[in-house]
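Reader: Hey, can you pull up that model for me? I'd like to go through its side-chain contacts with you.

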Amino acid sequence: MPDGLTALAALGIRVDARDAAPLRGIRFVNGLQEIGASFLRGVGYGIRRTVLHQWMVDRAAECGVLLHWGRRITGLSPKGLLVEGRVVSCRWLIGADGQNSQLRKLAGLEPASPRRYRYGFRRHYRIPSWSDFVEVHWSDRGQMYVTPVAEDQVCVALITRHSGLRFDEALPQFPKLAARLEHATILGSTIGAITASQTLREVHTGSIALVGEAAGSVDAITGEGLSIAFQQAIALADALRASDLTPYGRTHSRITRLPRRMAALMLLLDSRRGLRERAFRALATEPGFFGRMLAMHTGTLSPLEFGLGPSLSFGWRLLTA
């Protein structure tokens, strides 16, 4: 997303457009209903995770970071970290090890509430991209996201609350998308993962701080996971520079507040077909509202700038749709 690119640039990483596909906006598709909007400022990029990972590795090495791949954390020490039984002394210890963070468990920073799980699968197809928008297709079984990642390649991700549902079984539930992909070549393997919504009471203790999904996560339906992590990284760096983690906790809450609210709203549409269809009808009669919501979601419009008037107008249309 554009806000993620801004944060990534602040970390010293520039997107090489030769290895990415520009994205102009977001489009929602619900059967025959469609609503979309362009980003208010800038563009997004569809990037293969392996490519982004290599850019981050290269930048870390450029900054003098030593990377020890495949080493196993075995515990905490009063002086720092135990890596395969050996003490690694440190002033600060940062856990960036994902939603199942081992360091979070060792530090006692467990989630404040039970996790809410959904299940995700992703597959790449060789097919010319038919749009420069990210498409989110809705059905009663979940969502399918289509993101161009090259001129001739798209990434399709399924996110569902149904634990037994698999990609090939779900695809016919999205007939417009299934028709487009019918003759496309599948690239590589279909990979699955769990997406969890969880909140932590604290994201730091003593000299230990958590960042990214180790510090709590929002459902992947927002598309903001990486953007959130990059913004947190900048805030954490500022806190380390000041030798005080307290401001990081406050900034972390601010960064995640809006994505959590957006996730709750979108998951409400996921679980209630009637409300979803009513919302799509209302959005079709108030097309500017979707664009303003997208601008607020990507940080180019503040909730104050969004204003009460558009919300009241949309609420009325939602009631009468």
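Author: Here is a chat through the rings, charges, cysteines and a few strands and helices of this model, which is a predicted one.

Reader: Let's start with aromatics. How many aromatic pairs are there?

Author: There are three aromatic pairs in the structure. Take Phe28 and Phe290: their ring centres are 5.1 Å apart and the planes sit at 70°, so that pair is edge-to-face.

Reader: Where do Phe28 and Phe290 sit in the chain?

Author: Phe28 is in strand 2 (residues 25-30) and Phe290 is in helix 9 (residues 287-297), so to speak a link between distant parts of the chain, 262 residues apart.

Reader: Are Phe28 and Phe290 buried or exposed?

Author: Both of them, Phe28 and Phe290, are buried. Ring pairs also tie Phe28, Trp138, Phe280 and Phe290 together into a cluster.

Reader: What else is buried in helix 9?

Author: Besides Phe290, the buried residues in helix 9 include Phe289, Met293, Leu294 and His297. After the helix comes Gly299, with a positive phi near 85°.

Reader: OK, switching to charges. How many salt bridges does a search of the whole structure find?

Author: The search turns up 16 salt bridges. One of them joins the side chains of Arg27 and Glu135, at 3.3 Å from N to O. Here too distant parts of the chain are linked, with Arg27 in strand 2 and Glu135 in strand 10, 108 residues apart.

Reader: Which residues share a network with Arg27 and Glu135?

Author: Glu34 and Lys176: salt bridges with shared partners join Arg27, Glu34, Glu135 and Lys176 into one network. Glu135 counts as buried, at 7% relative accessibility.

Reader: Which ring does the charged end of Arg27 sit over?

Author: The ring of Phe133, with the charged end of Arg27 at 4.6 Å from the ring centre. Arg91 does something along those lines with Trp92: its charged end sits over that ring, 4.0 Å from the centre.

Reader: Got a salt bridge with Asp132 in it? Which side chain meets Asp132?

Author: That would be Arg24, at 3.1 Å from N to O. Arg24 is partly exposed with a relative accessible area of 40%, and Asp132 is partly exposed as well, at 32%.

Reader: And what about Asp16, which side chain does it meet?

Author: Asp16 meets Arg18 in a salt bridge, 2.7 Å from N to O. Asp16 is partly exposed at 22%, while Arg18 is exposed with a relative accessible area of 74%.

Reader: New topic, cysteines. How many disulfides does the search find?

Author: Zero, across the whole structure.

Reader: Why is there no bond for Cys90?

Author: Because the closest cysteine sulfur, in Cys63, is 19 Å from the sulfur of Cys90, and that is too far for a bond. Cys90 counts as partly exposed at 31% relative accessibility, whereas Cys155 is buried at 16%.

Reader: Now a histidine. Where is His252, and what does it touch?

Author: His252 lies in helix 7 (residues 246-271). Leaving out residues up to four places away in sequence, His252 touches Val203, Ala215 and Gln232. His252 counts as buried, at 5% relative accessibility.

Reader: Last one: what's the order of the strands in that open sheet of three?

Author: The order is 8-15-14, with mixed pairing. Strand 8 (93-95) and strand 14 (204-205) are the edge strands, each pairing on one side only. Strand 8 runs parallel to strand 15 (residues 208-210) over three bridges, and Gly95 stands opposite Leu210 in strand 15.

Conventions: Residues numbered from 1 in each chain as written. Predicted model: local features only at pLDDT ≥ 70, side-chain atom pairs only at ≥ 80, totals over all residues. Heavy atoms only, no water. Phe/Tyr/Trp six-rings, centres within 6.5 Å; stacked < 30°, edge-to-face > 60°. Helix = DSSP H or I, 4+ residues; strand = E, 2+ residues; numbered from the N terminus. Buried < 20%, exposed > 50% of the residue type's maximum accessible area, 1.4 Å probe, protein only. Lys NZ or Arg CZ within 6 Å of the ring centre and 35° of its normal. Disulfide = S-S within 2.5 Å. Contact = heavy atoms within 4.5 Å. Pairing = 2+ DSSP bridges. Salt bridge = Lys/Arg side-chain N within 4 Å of Asp/Glu carboxyl O.
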